[in-house]
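Here is a quick briefing for anyone opening this model for the first time. Take a look at the sequence and the 3D view, then read on.

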Amino acid sequence: MVNAMKRVLVFDSGVGGLSVLDAIAASGHALELDYVADNAWLPYGLKSDADLRARVPSLLARLSEQWAPDAIVVACNTASTIALDAVRAAIALPVVGVVPPIKPAAAATRTGVIGLLATPATVKRAYTDDLIQQFAADTLVLRFGSAALVEAAEQKLRGETPDSAALAEAINGLFGAPGGDRLDVIALACTHFPLLAAELAHAAPRAVTWLDSGAAIARRVAHVLGAEQGAARMRRAGFTDASAVNGLAGAFQMRGFAAFAAIGASPAFDAEPVVDSASA
């Protein structure tokens with residue numbers, strides 16, 4: 001008897017979670033993958049904590065009813081730091097969140113200086129301070145927050161050239177900071193940013209180690225589901241602002257998605273097919 005493939009719903013405010021989906025797909029496990037972008041509320045960093053704690057669990061609980069995942073990945077640093085506990089309380093499924101890779105960055109540095117590249121909200125959060133105090137207390141952590149890099153990643157996925165000024169600003173903000181001459185590891189603490197890994201490395205003044213959470217999340221998902229070895233399969237992608245489908249269809253289709261859904265407004269969050277060849 002062949003076991004049914006386990007289904008994973010990857011969730012983000014936008015398309016940054018595709019970096020996590022890519023890592024899960026490349027992990028060598030037989031998983032069926034859905035993707036949801038709450039792009040009508042993008043960016044989450046400008047929303048209040050209370051609003052996100054109300055919206056994210058409600059949206060994911062409704063989608064878990066409609067799309068029946070076996071696990072959910074909250075592939076968004078902002079949502080993970082604010083609403084992960086509320087999501088887990090609302091949904092009786094394994095829920096995996098994103099943690100800024102400060103611990104592995106601190107373990108990997110040879111110079112004692114690491115960079116933290118994140119959104120402005122993540123850079124400033126007490127959660128981030130706690131991670132640094134716990135795992136990098138003896139390390140100089142250079143922080144830089146960039147909202148422009150989020151848009152640059154979205155530009156790339158739309159087939160446009162990422163904003164070179166945004167890349168330069170982020171690189172200068174880290175390497176130009178006091179101690180930046182000794183920087184040797186950079187932690188990417190926004191899921192959008194690994195999508196720009198090649199561009200960031202090219203803009204950097206020298207080679208450094210770039211770390212993100214994708215591989216660790218993929219391992220965690222495979223573990224909690226007891227996933228079998230095999231090839232991943234894309235199922236459908238949903239957007240709370242369906243107008244994004246036209247501009248981003250190529251980025252999803254190249255990953256194997258052929259079915260798209262428009263997710264309606266709160267509180268119903270009804271998912272209606274836009275282009276749908278996936279079975280229920």
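Two strands count as paired if DSSP finds at least two bridges between them. With that in mind, strand S9 (residues 233-239) and strand S10 (residues 260-263) run parallel and are joined by 3 bridges. Keep in mind that this is a predicted model. The points below go through the strands, the open spaces, the cysteines and one buried threonine.

**Around strand S9**

- S9 sits mostly under cover, with 6 of its 7 residues buried.
- On the S10 side, Phe 239 has Ala 262 as its bridge partner.
- S9 is also joined to strand S2 (residues 31-37), this time by 5 bridges, and these two run parallel as well.
- One of the matched pairs here is Val 36 with Gly 238, the latter in S9.
- As background, strands in a sheet pair through backbone hydrogen bonds, in either a parallel or an antiparallel way.

**The open four-stranded sheet**

- Another group of strands forms an open sheet of 4, in the order S6-S5-S7-S8, with parallel pairing.
- Which strands stand at the edges? They are strand S6 (140-145) and strand S8 (209-211); each has a single partner strand, so one side of each has no neighbour in the sheet.
- From one strand to the next, the twist averages 20°.
- Strand S5 (residues 113-118) and strand S7 (residues 185-188) are linked by 4 bridges and run parallel.
- Looking for a specific pair to click on? Leu 117 has Leu 188, in S7, as its bridge partner.

**The largest pocket**

- The largest pocket has a volume of about 410 Å³.
- Its lining counts 23 residues, and those nearest the centre are Leu 42, Pro 43, Tyr 44, Thr 119 and Val 150.
- Three helices each give at least two residues to this lining: H3 (77-90), H5 (120-124) and H7 (148-157).
- Sorted by class, the lining of the largest pocket holds 11 nonpolar, 8 polar and 4 charged residues.

**The second largest pocket**

- For the second largest pocket, the volume comes to about 310 Å³.
- This pocket is lined by 19 residues, with Val 99, Pro 101, Pro 104, Ser 213 and Ala 216 closest to its centre.
- Strand S4 (95-97) and the helices H4 (102-108), H6 (126-135) and H10 (214-225) each bring at least two residues to the lining of this pocket.
- Which element gives the most to the lining of the second largest pocket? That's H10, with 5 residues.
- By class, this lining splits into 13 nonpolar, 2 polar and 4 charged residues.

**The cavity**

- How many cavities of 30 Å³ or more does a search of the whole structure find? The search turns up 1.
- The space in the largest cavity is about 80 Å³.
- It is lined by 16 residues, and the ones closest to the centre are Leu 188, Thr 191, Asp 212, Ser 213 and Gly 214.
- Helix H1 (18-25) and H10 are the elements that give two or more residues to the lining of this cavity.
- The cavity lining divides into 10 nonpolar, 5 polar and 1 charged.
- Some names come back here: Ser 213 is among the residues closest to the centre of the second largest pocket, and Ser 213 also appears in the list for the largest cavity.
- Leu 188 is another familiar one, listed here for the cavity and paired with Leu 117 in the sheet.

**Cysteines**

- There are 0 disulfides in the structure.
- Why is Cys 76 not bonded to Cys 190? The closest cysteine sulfur to that of Cys 76 is the one in Cys 190, and it is 7.4 Å away, which is too far for a bond; a disulfide needs the two sulfur atoms within 2.5 Å.
- Cys 76 counts as buried because its relative accessible area is 5%, under the 20% cut-off.
- Cys 190 is buried too, with a relative accessible area of 8%.

**A buried threonine**

- Thr 128 is part of helix H6.
- Is Thr 128 buried or exposed? Its relative accessibility is 1%, so Thr 128 counts as buried.
- Thr 128 and Asn 77 are 51 residues apart in sequence, while their C-alpha atoms are 10 Å apart in space.

Terms used:
Residues numbered from 1 in each chain as written. Predicted model: local features only at pLDDT ≥ 70, side-chain atom pairs only at ≥ 80, totals over all residues. Heavy atoms only, no water. 1 Å grid on protein atoms, 1.4 Å probe; cavity = no way out; pocket = protein on both sides within 12 Å on 5 of 7 lines; lining within 4 Å. Points joined across faces, edges and corners; volume = space filled by probe spheres on them. Nonpolar A, V, L, I, M, F, W, Y, C, P; charged D, E, K, R; others polar. Buried < 20%, exposed > 50% of the residue type's maximum accessible area, 1.4 Å probe, protein only. Axes fitted to C-alpha atoms, helices over the stretch in contact; angles between N-to-C directions.
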